[in-house]
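Reader: I have a structure in front of me and a list of terms I only half understand. Can we go through them one by one?

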Amino acid sequence: MEGLEKEIFKLECSHLQPDVRVSKQKLGEVLDEEFFEFGSSGKVWRRRDYDTNHPLTPDRMEISEFALHILGPEAVLTTYRLQNHTSGKVSLRSSIWKNRGSGWKLFFHQGTLSE
């Protein structure tokens, strides 16, 4: 991995860390103000849901098959497979990251359960 891909991969991994997933403050450092998510549960989540301690599981997770797709000078799409080692579930994930001048923030995320 090089440059931007390495930076975004590190950010993508950051919000999967157990200490970040259970902290509204740490999640707030990653999520864009306009963040929304289509969860693997079928629910739609918004930034404000995480501001009120939306519970995320502190499961042990691992990213594989990571790819970065440039959407423009200030936006990128990531796609990857996520193995949840705690639950045994595998999902396909995609995220859109935006750089608003103060660094990259997670703007959109989607998870789809896989076999």
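Author: Start with pairing: two strands pair if DSSP finds at least two bridges between them. Keep in mind that this is a predicted model.

Reader: What makes β1 and β6 a pair, and in which sense do they run?

Author: Four bridges join β1 and β6. At least two are needed, so the two strands pair. The sense is parallel. One bridge links E37 to H109 in β6.

Reader: How many bridges join β5 to β6, and which way do these strands run?

Author: There are 10 bridges between β6 and β5, residues 90–99. The cut-off is at least two, so this is a pair as well. Here the strands run antiparallel. W97, for instance, has L106 in β6 as its bridge partner. The two strands form a hairpin, with four residues between them. In the turn, G101 has a positive phi of about 100°.

Reader: What is the order of the strands in the sheet, and what is the pairing called?

Author: The order is β2-β1-β6-β5-β4-β3. Six strands make up this open sheet, and its pairing is mixed. You have met both senses: β1 with β6 is parallel, β5 with β6 is antiparallel.

Reader: Why are β2 and β3 called edge strands?

Author: β2 (44–46) and β3 each pair on one side only. Neighbouring strands of the sheet are turned by 15° against each other on average, direction ignored.

Reader: How many bridges does β3 have with β4, and in what sense do they pair?

Author: Nine bridges, in the antiparallel sense. One position to look at is S64, which stands opposite R81 in β4.

Reader: What packs on the sheet, and which strands does it touch?

Author: Helix α1, residues 3–14, packs there. It touches β3, β4, β5 and β6. Its direction makes about 130° with that of β3.

Reader: Why is E12 called buried?

Author: E12 lies in helix α1. Its relative accessible area is 0%. Buried means under 20%, so E12 is buried. Leaving aside neighbours within four places in sequence, its contacts include I63, F66, Y80 and H109.

Reader: What joins the side chains of T78 and E12?

Author: A polar contact of 2.7 Å. The limit is 3.5 Å between N or O atoms, so the distance fits. T78 is found in strand β4.

Reader: Is T78 buried or exposed?

Author: T78 has a relative accessible area of 0%. That is under 20%, so T78 is buried. Beyond four places in sequence, T78 is in contact with residues including I8, F66, R93 and W97.

Reader: Is H109 buried or exposed?

Author: H109 lies in strand β6. Its relative accessibility is 3%, which is under 20%, so H109 counts as buried. A polar contact of 3.1 Å joins its side chain to that of R93. A polar atom of the H109 side chain also lies 3.3 Å from the backbone oxygen of S94.

Reader: What makes F36 and F108 an aromatic pair, and why is the pair called tilted?

Author: Six aromatic pairs turn up in a search of the whole structure. In the pair of F36 and F108, the ring centres lie 4.9 Å apart, and the planes are at 55°. The centres must lie within 6.5 Å, so the rings pair. Under 30 degrees would be stacked, and over 60 edge-to-face; 55° is neither, so the pair is tilted. F36 is in strand β1 and F108 in strand β6, 72 residues apart. Ring pairs also link F36, F38, F107 and F108 into a cluster.

Reader: Which of these counts as partly exposed, and which is buried: F36 or F108?

Author: F36 has 22% relative accessibility. That is between 20% and 50%, so F36 counts as partly exposed. F108, at 10%, falls under 20%, so F108 is buried.

Reader: Which residues touch the most other members of the largest nonpolar core?

Author: Y50 and W97, out of 19 residues in that core. Elements that each supply at least two residues include α3 (24–30), β1 (31–38) and β6 (104–114). Y50 touches L27, F35 and W45, among others beyond four places in sequence.

Definitions and conventions. Residues numbered from 1 in each chain as written. Predicted model: local features only at pLDDT ≥ 70, side-chain atom pairs only at ≥ 80, totals over all residues. Heavy atoms only, no water. Core = buried A, V, L, I, M, F, W, Y, C linked by side-chain atoms within 4.5 Å. Buried < 20%, exposed > 50% of the residue type's maximum accessible area, 1.4 Å probe, protein only. Contact = heavy atoms within 4.5 Å. Polar contact = N/O pair within 3.5 Å; in protein donor to acceptor, adjacent residues only side chain to side chain. Axes fitted to C-alpha atoms, helices over the stretch in contact; angles between N-to-C directions.
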